[in-house]
Amino acid sequence: MKIHLDPERGEMVLNRLLAHARAGLLPYNIEDKLPQRHLPKRMRADSQTTALFIFFLCLYMRGGIQSEVATKRLVMVWEENPDLFVPKFARNLSTEQIEEALVPIMGRWDIKTISKFWKGNAERIDDDWNSNPLAIFDSANTYEELVFLVRNKRGQKKWSNAPQGFEGFQYKMTSMLAYFFVALRLVHMRFPPPVDFQLMRTALGHGIIRVEGNDAPIRYVEKLQEPYRNWLPKYCTEHGVTDEELADLLWTFSLAMCSTSPGKRVARGGEITS
């Protein structure tokens, strides 16, 4: 089985999306739903506070809940219980206590996993980076180096000499962390936009990615995502587009696609709908 990337098809699709975004056409003429645009000024006043909020927010960006809803509601959690976002405090909470703090506002979507990751990542960011996600970027000059530091590697022998990374973080969420930090002017770094299921639907449907060979199932989505993710920064360089602008338009497009996803069930306003 071989996976092929067609750059010409990719350029055709992205050029069309870019033209729509710059002209303010659908889906780019609706309310701004980018998560980083919904943080209060009081939070933004301190860079480490902002970085820690984004660090924990990413746990709600793994699918299943609208990002705008998750952001606005987690801001409410932060306003009510800011210590929950302080690693030295959160690491000493039980997962049940973390659930009790989150559920009244966030609902119960994937709460067992989120509370486990919240506690575990509070411990890791405190132990390895002195409770400051921005320190990770001080040690990473490239996206590849960032992946090495952030991607969860516990239990993987080939990464035995690497930092343990963070629970729930793989390539998409590493891109997400870089995207939000760059958009909030917290760091400077080249990065590929986060590639999710909706963007892969588009890439496969428009022939940007083609799979040839036998009918054996693809066991790891990463095999499909890697060539597309690696090509996106090249597109930006060749077309004079910033990584942030491309990430903005792809994030907005993904939100629009989400509502038409076959069998997709997404939390809207705290309710799960098909």
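# Burial, helix packing and backbone angles

Tutor: Asp248 is found in helix 13, which spans residues 243–258. The model is a predicted one.

Student: Why is Asp248 called buried?

Tutor: Its relative accessible area is 15%. The cut-off for buried is under 20%, so Asp248 counts as buried.

Student: Which residues does Asp248 touch, not counting those up to four places away in sequence?

Tutor: Asp248 touches Leu34, Gln36, Arg37 and Tyr179.

Student: Leu246 is found in helix 13 too. What makes Leu246 count as buried?

Tutor: The relative accessibility of Leu246 is 0%. Buried means under 20%, so Leu246 is buried.

Student: What is Leu246 in contact with, leaving aside its neighbours within four places in sequence?

Tutor: Leu246 is in contact with Leu14, Pro193, Leu232, Tyr235, Cys236 and Val241. As for Pro192, it is 54 residues from Leu246 along the chain, and the two C-alpha atoms are separated by 8.9 Å.

Student: Turn to Val13, in helix 1 (residues 7–23). How do you know whether Val13 is buried or exposed?

Tutor: Val13 has a relative accessible area of 10%. Set against the limit of under 20%, that value makes Val13 buried.

Student: Which contacts does Val13 make, leaving aside neighbours within four places in sequence?

Tutor: The contacts of Val13 are with Thr202, His206 and Ile208. Ala203 is 190 residues from Val13 in sequence, yet the C-alpha to C-alpha distance is 8.8 Å.

Student: Which residues of helix 6 (residues 95–106) are buried?

Tutor: In helix 6 the buried residues are Ile98, Glu99, Ala101, Leu102, Val103, Ile105 and Met106. Their cover includes helix 4 (67–80), helix 5 (87–90) and helix 7 (111–129).

Student: How many residues does the chain have, and what share of them is buried?

Tutor: The chain has 274 residues, and 49% of them are buried. Its secondary structure comes to 13 helices and four strands. About 13,500 Å² is exposed, with carbon and sulfur atoms supplying 50% of that area.

Student: Now the packing of helices. Why is helix 3 called roughly antiparallel to helix 10?

Tutor: Helix 3 (residues 47–57) packs with helix 10 (residues 171–183) at an angle of about 150°, with axes 10 Å apart. Angles over 145 degrees count as roughly antiparallel, so the term applies to helix 3 and helix 10. Helix 3 passes helix 10 in a right-handed crossing.

Student: Which residues meet where helix 3 and helix 10 pack?

Tutor: Ala51, Ile54 and Phe55 in helix 3 meet Leu177, Phe180 and Phe181 in helix 10. By class, this contact has six nonpolar, no polar and no charged residues.

Student: What makes helix 11 roughly perpendicular to helix 12?

Tutor: Helix 11 (residues 197–205) and helix 12 (residues 222–239) pack at an angle of about 80°, and their axes are 11 Å apart. The range for roughly perpendicular is 65 to 115 degrees, so helix 11 fits that description against helix 12. Helix 11 contributes Leu199, Met200, Ala203 and Leu204 to the contact, and helix 12 contributes Leu224, Gln225 and Tyr228. The classes here are six nonpolar, one polar and no charged residues.

Student: What about the backbone of Asp110, in the loop between helix 6 and helix 7?

Tutor: Asp110 has a positive phi of about 50° although it is not a glycine. Most residues other than glycine have a negative phi. Gly107, just after helix 6, also takes a positive phi, of about 80°.

Student: Why is Asp110 called partly exposed, and Arg185 exposed?

Tutor: Partly exposed lies between the 20% and 50% limits, and Asp110 has a relative accessible area of 29%, so it is partly exposed. For Arg185 the value is 56%. Exposed means over 50%, so Arg185 counts as exposed. Arg185 sits in the loop between helix 10 and helix 11, and its phi is positive at about 60°, although it is not a glycine.

Student: What kind of peptide bond joins Leu26 and Pro27?

Tutor: The bond is cis, with omega about 0°. Most peptide bonds are trans. Pro27 lies in the loop between helix 1 and helix 2 (41–44).

Conventions. Residues numbered from 1 in each chain as written. Predicted model: local features only at pLDDT ≥ 70, side-chain atom pairs only at ≥ 80, totals over all residues. Heavy atoms only, no water. Axes fitted to C-alpha atoms, helices over the stretch in contact; angles between N-to-C directions. Helix = DSSP H or I, 4+ residues; strand = E, 2+ residues; numbered from the N terminus. Parallel < 35°, antiparallel > 145°, perpendicular 65-115°, else oblique. Left-handed = near helix turned anticlockwise from the far one by under 90°. Contact = heavy atoms within 4.5 Å. Nonpolar A, V, L, I, M, F, W, Y, C, P; charged D, E, K, R; others polar. Buried < 20%, exposed > 50% of the residue type's maximum accessible area, 1.4 Å probe, protein only. Areas by Shrake-Rupley, 256 points an atom, 1.4 Å probe, with all protein chains shown as cover.
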